[in-house]
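Subject: Structure handover

Hello,

Here is the structure we talked about. My notes follow below it.

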Amino acid sequence: MTVLAILFFQRAKTGRSDLRWVALAAALTIGAFVNSQLTGGLRVFYPKGNEVAYSDQTIEYWTIHGQILLSPAEERVGPFYWGAGAGAPVIEGMKLQGLVIDGEAGTAVTQWDGNKDELDWPRFDVTSLPYHLRKEGNVAVIGVGGGRDILTALWAKSKHITGIEINGAILDILQDRRRDFVSLDQQPEVQFVHDEARSFLTRTDETYDVIQMSLIDTWAATGAGAFTLSENGLYTVEGWQIFFDKLAPTACLVFPGGIPRRRFPRQIG
Amino acid sequence: MGTSTAQGTSRSFLAGLFFITSATLLLEILNTRLLSVVTWYHLSFFAVSMAMFGMAAGALWVYLKPRKFPREDAFGSLYRYSIFFALSTLVCHLIILFTPLSTLEGWDAANLLKMTLITLAVAIPFAFSGVVVTIALTQVPGNSGLIYAVDLIGAALGSLACLALLVFSISVARRSRRQS
């Protein structure tokens, strides 16, 4: 745009256009596209001051809700537990991909082959607590992230699981680019919704046996403003009233959180 | 002949103003996203403050140094300072990308220096843009209502262009992947 402005100001000044500016504008546009495809191109190298190593397998998105970086799949000692209970299994060589929002908020994208009979490890995580009380129910997961809570709901044989995710890039990963890696979209009981959770729950007529919102903090400013984080509308009295209204009788509303000193004041605020 | 040349000049000037204000607002909104990643969310809309600071500094520069910006060479100034805007955008964003700033480690001298560097890098392009817009609004004869309207329409569309790039890029990429 600036190069086009230069072209037109030159024309206003001299009465003629130097078409080399047009060529430069085209070259810069092509250069920007090529840069976005290159592993070694210009990137945000130090999000929050921490160096990021990009590779051919790194997937990057820029959205109005934050920058998403999906690291290459690594064989690790898994699975990733937010809080492992006694006897939690450790699986050697489990493949996980780190998904980071705006260089800070992280979630794990876990490889799963879709075999529910062998899906047992989620029950040992602290986030599985509601499913020990309410199995085989109708579940809403707010903030799908890497799909951890969906896996837990699948372990609990939930009849219907609605995964509500505000960031389209995350759904693009789960439903398209890593669809076969996570095997969630193929499950008939799983339905992904691209929406802001409070808006979706306000409009839907469904009621749920479990509404779960696990560690959804992004600390990422959305396009709406610096202090307008995607989670802000959820941590409100009005938001919680909507969640309570959408609970079936004897249902569970679960908001696991971590790092209490940082998060607890926001949640009670 | 003279009239058609004047009209041509006017159209070129308005087109240039349209693109420079579009680019300015697009850059400002992109900076909010960039700063949210490079620093923290509470500093992301620092980009808006720095854009306003930079543009005000540019306007003040034109006001305080009238000899540097002679009215009779208004188009020449617009041309030169648009080039400075383009070059400074490139250089300043390289500085932002290559300056590691960890605000969690406290505010020692090195971090303060880095923050100052990033602050200047965010503001400087807008100072040049401020010069261009100020000259356009104060030194170019013509229909001031039309000039101001083009300024605002360009800025508004630049903002929307940034949103469109961020919001629709995923769906476009997804569609193209499915088609391929």
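In which hand does helix 1 of chain A cross helix 3 of chain B? The crossing is left-handed: by that term, the near helix is turned anticlockwise from the far one by less than a right angle, while clockwise would be right-handed.

Some ground rules. This is a predicted model, in which local features need pLDDT of at least 70, side-chain atom pairs count only at pLDDT 80 or more, and totals for chains, interfaces and linings use all residues. Residues are numbered from 1 along each chain as its sequence is written, and chains are lettered from A and ligands numbered from 1 in the order in which they are written. Helices (H or I, at least four residues) and strands (E, at least two) are DSSP runs, numbered from the N terminus.

**The helix pair**

Helix 1 of chain A spans residues 2-14, and helix 3 of chain B spans residues 74-97. Their axes come within 8 Å and cross at roughly 165 degrees. Axes are lines fitted to C-alpha atoms over the stretch in contact, with angles from 0 to 180 degrees between N-to-C directions. The two helices are therefore roughly antiparallel, the term for angles over 145 degrees. Among the contact residues (C-beta atoms, placed from the backbone, within 7 Å) are A:Ile6 and A:Phe9 on helix 1 of chain A, and B:Tyr79 and B:Ile83 on helix 3 of chain B. The residues of this contact divide into 11 nonpolar, five polar and one charged. Nonpolar covers Ala, Val, Leu, Ile, Met, Phe, Trp, Tyr, Cys and Pro; charged covers Asp, Glu, Lys and Arg; the others, Gly among them, are polar.

**Chain B overall**

Chain B has five helices and zero strands. Of its 180 residues, 42% are buried (20 or more other C-beta atoms within 10 Å of the residue's own). Among contacts between residues at least 6 apart in sequence, 77% join residues at least 24 apart.

**Strands in chain A**

Strand 6 (residues 138-142) has five of its five residues buried. A:Asn138, A:Ala140 and A:Ile142 point one way, A:Val139 and A:Val141 the other. Strand 6 runs parallel to strand 7 (residues 160-165), joined by five bridges; pairing takes at least two DSSP bridges. A:Ile142 has A:Ile164 as its bridge partner in strand 7.

A:Ile211 sits in strand 9 (residues 208-212). Why is A:Ile211 classed as buried? Because 27 other C-beta atoms lie within 10 Å. Its C-alpha atom is 7.4 Å from that of A:Leu247, 36 residues apart along the chain.

Best wishes

Methods. Buried ≥ 20, exposed ≤ 12 C-beta atoms within 10 Å, placed from the backbone. Contact = placed C-beta atoms within 7 Å. Parallel < 35°, antiparallel > 145°, perpendicular 65-115°, else oblique.
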